[in-house]
Amino acid sequence: MKEIIAIVRPQQAQATKKELAAAGIHSYTTVRALGRSRQGGLRYPRKWFRRSADIRFLPKRLFWIVVEDPQYSTALDALIRANQTGQIGDGKIIVLPVAEGYTIRTGERDRESIR
């Protein structure tokens, strides 16, 4: 199993959900987040103050997805299709191995727990 963490633009969240659904990925968690990377946030010059207005952290959306190994490339392709614009700030995708998974209510383990 793999855990995929995708950090994307908030305006791409709906497109991401549609692409994941089209790829057969229906189980995931998403939350609002603030972050920055190489772009370092945004800077707006203010004409009426001596200092510029800085937005150090930009709004983002985090998607946590756990998939079985055969679904991994399908999920990854769906995330890239939904979010790749070629512009700075398109996002990041991080992939981690999953050793075990449990459903608390039913006690299901591993493959059964991620459905």
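At what angle do H1 and H2 pack, and how far apart are their axes? In this predicted model, H1 and H2 pack at an angle of about 150°, and their axes lie 8 Å apart. The crossing of the two helices is right-handed. On the H1 side, the contact is made by Ala15, Thr16, Glu19 and Leu20, while H2 brings in Ala75, Ala78, Leu79, Arg81, Ala82 and Asn83. Sorted by class, that contact of H1 with H2 has six nonpolar, two polar and two charged residues.

Now for the sheet. Four strands make up an open sheet in the order S2-S5-S1-S6, with antiparallel pairing. Strand S2 (29-35) and strand S6 (91-97) each have a single partner strand, so they stand at the edges and one side of each is left without a neighbour in the sheet. Neighbouring strands of this sheet are turned by 20° against each other on average, if direction is ignored.

Strand S1 (residues 2-8) runs antiparallel to S6, and seven bridges join the two. S1 is also joined to S5 by seven bridges, again in an antiparallel run. Here are some of the residue pairs along S1:

| Residue in S1 | Opposite residue | Strand of the opposite residue |
|---|---|---|
| Glu3 | Val66 | S5 |
| Ala6 | Ile93 | S6 |
| Ile7 | Lys92 | S6 |

How do the helices sit on this sheet? Helix H1 (residues 13-22) packs on the sheet and touches S1, S2 and strand S5 (58-67), with its direction at about 15° to that of S5. Helix H2 (residues 69-83) lies across S1, S5 and S6, and runs at about 5° to S1.

Which residues form the largest nonpolar core? That core has twelve residues: Ile4, Ala6, Val8, Ala13, Leu20, Ile25, Phe63, Ile65, Val67, Ala75, Ala78 and Leu79. S1, H1, S5 and H2 are the elements that give two or more residues to this core. In soluble globular proteins, nonpolar side chains tend to be buried together.

Ala75 is a handy residue to click on when looking around this core. Ala75 belongs to the H2 side of the helix-helix contact and is a member of the core as well. Leaving aside neighbours within four places in sequence, Ala75 is in contact with Ile4, Leu20, Ile25 and Val67. Leu20 turns up again too, as one of the H1 residues that make the contact with H2. Ala6, in turn, is part of the core and stands opposite Ile93 in S6.

Methods
Residues are numbered from 1 along each chain as its sequence is written. This is a predicted model: local features need pLDDT of at least 70, side-chain atom pairs count only at pLDDT 80 or more; totals for chains, interfaces and linings use all residues. Side-chain values use heavy atoms; hydrogens and water are left out. Two strands pair if DSSP finds at least two bridges between them. Axes are lines fitted to C-alpha atoms, for helices over the stretch in contact, and angles run from 0 to 180 degrees between N-to-C directions. Contact means heavy atoms within 4.5 Å. A crossing is left-handed if the near helix is turned anticlockwise from the far one by less than a right angle, and right-handed if clockwise. Ala, Val, Leu, Ile, Met, Phe, Trp, Tyr, Cys and Pro count as nonpolar, Asp, Glu, Lys and Arg as charged, and the others, Gly among them, as polar. A nonpolar core is a set of buried Ala, Val, Leu, Ile, Met, Phe, Trp, Tyr and Cys residues joined through side-chain atoms within 4.5 Å. Buried means under 20% relative accessible area, exposed over 50%, partly exposed in between (1.4 Å probe, protein chains only).
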